[in-house]
Amino acid sequence: MPEETTAKPAIVLLSGGLDSATVMALMRRDGYAIHAMSFDYGQRHKQELHYAGLVAQAMGAASHRTVHIDLAAFGGSALTDTQLAVPESGVAPGIPITYVPARNTIFLSFALAFAEVLDAQDIFIGVNSQDYSGYPDCRPEFITAFEKLAAVATRLGDEARGPRIHAPLQHLNKGEIIQLGTRLGVDYSLTRSCYQLDDQGRSCGRCDSCRLRHAGFLDAGIADPTPYQ
């Protein structure tokens with residue numbers, strides 16, 4: 001009989017978009033047992049959770065769970081407050097109205113709790129260079145600071161076993177991410193990035209996320225498989 005091997009468990013924050021799908025492909029290449037976490041946090045584009053499920057299945061995730069929290073109770077973002085319009089005029093400097101206050105801090109805290117239960121020493125997140133200017137919780141300083149927090153706030157940290165926070169796409173733009181994922185066999189037709197998906201899963205093509213996604217495929221020289229309205 002073949003020798004049995006036990007893959008190291010690792011957690012990934014899975015949104016259903018192209019970044020987290022690419023991170024999962026890297027994890028699969030490196031032999032991790034992938035435990036995906038998605039979040040139903042009161043977002044207007046809740047359809048993304050359907051695509052997160054498709055990606056988790058396609059990537060052979062060992063588990064996929066959706067955590068329910070209510071960030072819409074606080075508002076402050078066009079992604080959680082229906083009274084605020086999602087911008088459609090193009091990506092602008094500064095922190096956009098689509099920033100959800102403290103979202104990645106909250107998501108990583110849930111992942112940290114699950115890591116303690118799984119005894120997982122690795123947590124992955126798909127932040128990247130094109131998110132830096134707009135989203136403070138996507139910057140390298142944030143990832144470094146959260147890893148330091150994890151080291152002093154957990155049993156794993158107390159035992160000097162991490163957990164480490166990995167952001168493998170951190171210094172890549174969308175085009176580079178798409179080229180990498182394509183080499184790793186990611187089916188990007190299973191992913192969605194739009195803040196305003198319709199009931200048929202078609203992207204609006206106008207919001208910042210759609211613009212960045214489509215420009216990424218153009219930069220990569222790869223056909224965009226996204227269905228648009």
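Here are some exercises with worked solutions on the predicted model shown above.

## Exercise 1: The overall layout

Work out how many helices and strands the protein has, and in what order the elements run.

**Solution.**
Step 1. Start with the count: there are 7 helices and 5 strands.

Step 2. Now walk along the chain. From the N terminus, the order reads β-α-β-α-β-α-β-α-α-β-α-α.

Step 3. For the extent, fit a box along the principal axes; the C-alpha atoms fill roughly 50 × 40 × 30 Å.

Step 4. Compare the radius of gyration with the globule rule. A compact globule of 229 residues would come out near 17 Å, and the protein has 17 Å, so the two agree.

Step 5. Finish with burial and contacts. Of the 229 residues, 49% count as buried. Among contacts between residues at least 6 apart in sequence, 71% join residues at least 24 apart.

## Exercise 2: Helix α6 and its surroundings

Find which residues of α6 are buried, which helices they pack against, and what is found at the start of the helix and just after it.

**Solution.**
Step 1. Helix α6 covers residues 174-183, and its buried residues are K174, G175, I177, I178, L180 and G181.

Step 2. Think about spacing. An α-helix has 3.6 residues a turn, so residues three or four places apart point the same way.

Step 3. Look for the partners: the buried residues of α6 pack against α1 (18-29) and α7 (208-220).

Step 4. Inspect the start of the helix. Here a side-chain oxygen of N173 comes to within 3.1 Å of the backbone nitrogen of G175.

Step 5. Move past the other end. Just after α6, G185 has a positive phi of about 85°.

## Exercise 3: A buried acid in α7

Determine which side chain of opposite charge is nearest to D208, and what D208 is in contact with.

**Solution.**
Step 1. Place the residue: D208 belongs to helix α7.

Step 2. Check its charge partners. D208 is buried and has no salt bridge, and the nearest side chain of opposite charge, that of R211, is 4.9 Å away. The cut-off for a salt bridge is 4 Å.

Step 3. List the contacts. With neighbours within four places in sequence set aside, D208 touches P87, G90 and V91.

## Exercise 4: Aromatic pairs

Count the aromatic pairs, then describe the geometry of Y32 with F124 and of Y41 with F107.

**Solution.**
Step 1. Searching the whole structure gives 7 aromatic pairs.

Step 2. Take Y32 and F124. Their rings meet edge-to-face, at 5.3 Å centre to centre with 70° between the planes.

Step 3. Locate the two residues. Y32 sits in the loop between α1 and β2 (33-40) and F124 in strand β4 (residues 122-124), so this pair ties together parts 92 residues apart in sequence. Both Y32 and F124 are buried.

Step 4. Repeat for Y41 and F107, which also form an edge-to-face pair: 5.5 Å between centres and 65° between planes. Y41 is in the loop between β2 and α2 (48-58) and F107 in helix α3 (residues 103-118), so parts 66 residues apart in sequence are tied together. Y41 and F107 are both buried.

Step 5. Extend the picture: ring pairs link F39, Y41, F107 and F110 into a cluster.

## Exercise 5: Salt bridges

Find how many salt bridges the structure holds, and work through those of D122, D30 and D119.

**Solution.**
Step 1. The structure holds 11 salt bridges.

Step 2. Begin with D122, which pairs with K8; their closest N and O atoms are 3.5 Å apart. D122 lies in strand β4 and K8 in the segment before β1 (9-13), so the bridge ties together parts 114 residues apart in sequence.

Step 3. Look at exposure in this pair. D122 is buried, with a relative accessible area of 1%, whereas K8 is partly exposed at 44%.

Step 4. Turn to D30 and R29, whose closest N and O atoms are 2.9 Å apart. D30 is partly exposed at 45%, and R29 is exposed at 53%.

Step 5. Examine D119 and R161, joined by a salt bridge of 2.9 Å from N to O. D119 lies in the loop between α3 and β4 and R161 in the loop between α5 (155-158) and β5 (164-166), so the pair ties together parts 42 residues apart in sequence. D119 is partly exposed at 34%, and R161 is partly exposed at 22%.

Step 6. Follow the shared partners: salt bridges join D119, R155, E159 and R161 into one network.

Note on methods:
Residues numbered from 1 in each chain as written. Predicted model: local features only at pLDDT ≥ 70, side-chain atom pairs only at ≥ 80, totals over all residues. Heavy atoms only, no water. Buried < 20%, exposed > 50% of the residue type's maximum accessible area, 1.4 Å probe, protein only. Helix = DSSP H or I, 4+ residues; strand = E, 2+ residues; numbered from the N terminus. Contact = heavy atoms within 4.5 Å. Polar contact = N/O pair within 3.5 Å; in protein donor to acceptor, adjacent residues only side chain to side chain. Lys, Arg positive; Asp, Glu negative; His and termini not counted. Phe/Tyr/Trp six-rings, centres within 6.5 Å; stacked < 30°, edge-to-face > 60°. Rg over C-alpha atoms; globule rule 2.2 N^0.38 Å.
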